[in-house]
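Got a minute to look over a model together? Have the sequence and the 3D view open while you read.

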Amino acid sequence: MQSLQQKASEYSGVDQNDAFAIDEINLFEKLGLQTFIDLSTNFYNRVYEDEEEWFRSIFANSKKDDAIQNQYEFFVQRMGGPPLYSQRRGHPALIARHRPFPVTLRAAERWLLHMQQALDSVTAIDADSKTKMMNFFRHTAFFLVAGDELKAQNQHVPCKHATKKNAPV
Ligand code: HEM
């Protein structure tokens, strides 16, 4: 069976070496905290103003300021900075934390569109860092899609432990 990482590479078209090229340099030291805050603020401003209601509504139960902080603290810690996210929220557990949301192929593409535009808007991010970050984001987004599909499959897998054979579900 394909691993979630393999599925993420297949769906995203980004291989694992490119996805984790963010680890070849310390992007936090290179770009600084304020750049990450600017990126997440720019990203979530776009998300919360999205003309596509179906996408905007995925975030309807989250406060924008909290979402911004969750995101930039995670990026900072994942890209070489202090563990701000885990100190406040615990292990990132990305698939588990996205479980309540419909992380479909379509949602991933829209998330990535906003993120590409946010990266392009924050002028402090140079072209090489942008490429590395986008590859990481793209691979992670489709990793989450693969995780979401697993959740959908689980709901429909008949399980002998829960119900008798041929019993109506
Ligand atoms: C694929 C499409 C995606 C969708 C639809 C999605 C949706 C969401 C939503 C609705 C939240 C809740 C907002 C909040 O309260 O923080 C969230 C949180 C979060 N997302 Fe995503 N996300 C996606 C991709 C990603 C990617 C690619 C990453 C990382 C590279 C990511 C990292 C996070 C983090 C760190 C949080 C905060 C979790 C928490 O502390 O509860 N997400 N996401």
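What follows is a short tour, from the overall fold to the ligand and then to some individual residues.

## The overall picture

One thing to keep in mind from the start: this is a predicted model. The protein has ten helices and zero strands, so reading along the sequence just gives you α-α-α-α-α-α-α-α-α-α. If you want a feel for the dimensions, the C-alpha trace spans about 60 × 35 × 30 Å along its principal axes.

How does the chain come together? Take the contacts between residues at least 6 apart in sequence: 72% of them join residues at least 24 apart.

## Surface and charge

Of the 169 residues in the protein, 38% are buried. The accessible surface comes to about 9900 Å², and carbon and sulfur atoms account for 52% of it.

On the charge side, there are 20 positive and 21 negative side chains. The centres of those two sets lie 10 Å apart.

## Around the ligand

Which residues come nearest to the ligand? There are 21 residues around it, and Asn70, Tyr85, Arg89, His98 and Trp111 come nearest.

Some of these put polar side-chain atoms by the ligand's own oxygen and nitrogen atoms. For Tyr85, a polar side-chain atom sits 2.5 Å from a ligand oxygen. Arg89 has a polar side-chain atom 2.6 Å from an oxygen atom of the ligand. With His98 the partner is a nitrogen atom of the ligand, and the distance is 2.9 Å.

## Glu73, with a link to Tyr85

Glu73 belongs to helix α6, which covers residues 64-78. Is Glu73 buried or exposed? Its relative accessibility is 7%, so it counts as buried, given that the cut-off for buried is under 20%.

Who does Glu73 meet there? Its side chain makes a polar contact with the side chain of Arg88, at 2.7 Å. Setting aside residues up to four places away in sequence, Glu73 touches Leu84, Tyr85 and Arg88. You've already met Tyr85, one of the residues that come nearest to the ligand.

## The turn of chain at Ala93

Ala93 lies in the loop between α7 (84-89) and α8 (94-98). Look at its backbone: phi is near 35 degrees, a positive value in a residue other than glycine. At 31% relative accessibility, Ala93 counts as partly exposed.

## Leu112 and its partners

Leu112 is in helix α9, residues 105-121. With a relative accessibility of 2%, it counts as buried.

What does Leu112 touch, not counting residues up to four places away in sequence? The list is Met134, Phe137, Arg138, Ala141 and Phe142. For Ala141 there's a distance to go with the contact: the C-alpha atoms of Leu112 and Ala141 are 7.7 Å apart in space, although the two residues are 29 apart in sequence.

## Where the N-terminal end meets later residues

Ser9 is in helix α1, made up of residues 4-12. At 17% relative accessibility, Ser9 counts as buried, because the line is drawn at under 20%. Its side chain makes a polar contact with the side chain of His139, at 2.9 Å. Leaving aside neighbours within four places in sequence, Ser9 is in contact with Val14, Asp15, Gln16 and His139.

Gly13 comes in the loop between α1 and α2 (16-19). Is Gly13 buried or exposed? It's exposed, with a relative accessible area of 67%. Its C-alpha atom is 9.6 Å from that of Phe142, even though 129 residues separate the two along the chain. Phe142 has turned up before, as one of the residues that Leu112 touches.

## Out at Thr123

Last stop: Thr123, found in the loop between α9 and α10 (127-156). At 77% relative accessibility, Thr123 counts as exposed. If you'd like a distance to check on screen, try Thr123 to Asn26: C-alpha to C-alpha they're 18 Å apart, and in sequence they're 97 residues apart.

Note on methods. Residues are numbered from 1 along each chain as its sequence is written. This is a predicted model: local features need pLDDT of at least 70, side-chain atom pairs count only at pLDDT 80 or more; totals for chains, interfaces and linings use all residues. Side-chain values use heavy atoms; hydrogens and water are left out. Helices (H or I, at least four residues) and strands (E, at least two) are DSSP runs, numbered from the N terminus. Buried means under 20% relative accessible area, exposed over 50%, partly exposed in between (1.4 Å probe, protein chains only). Contact means heavy atoms within 4.5 Å. Accessible areas come from the Shrake-Rupley method with a 1.4 Å probe; for residues, only the protein chains shown count as cover. Lys and Arg count as positive and Asp and Glu as negative; His and the chain ends are not counted. The place of a charge is taken as NZ of Lys, CZ of Arg, CG of Asp or CD of Glu. A residue is near a molecule or strand if one of its heavy atoms lies within 4 Å of it. A polar contact is a pair of N or O atoms within 3.5 Å; within protein, one must be able to donate a hydrogen and the other to accept it, and residues adjacent in sequence count only if both atoms are side-chain atoms.
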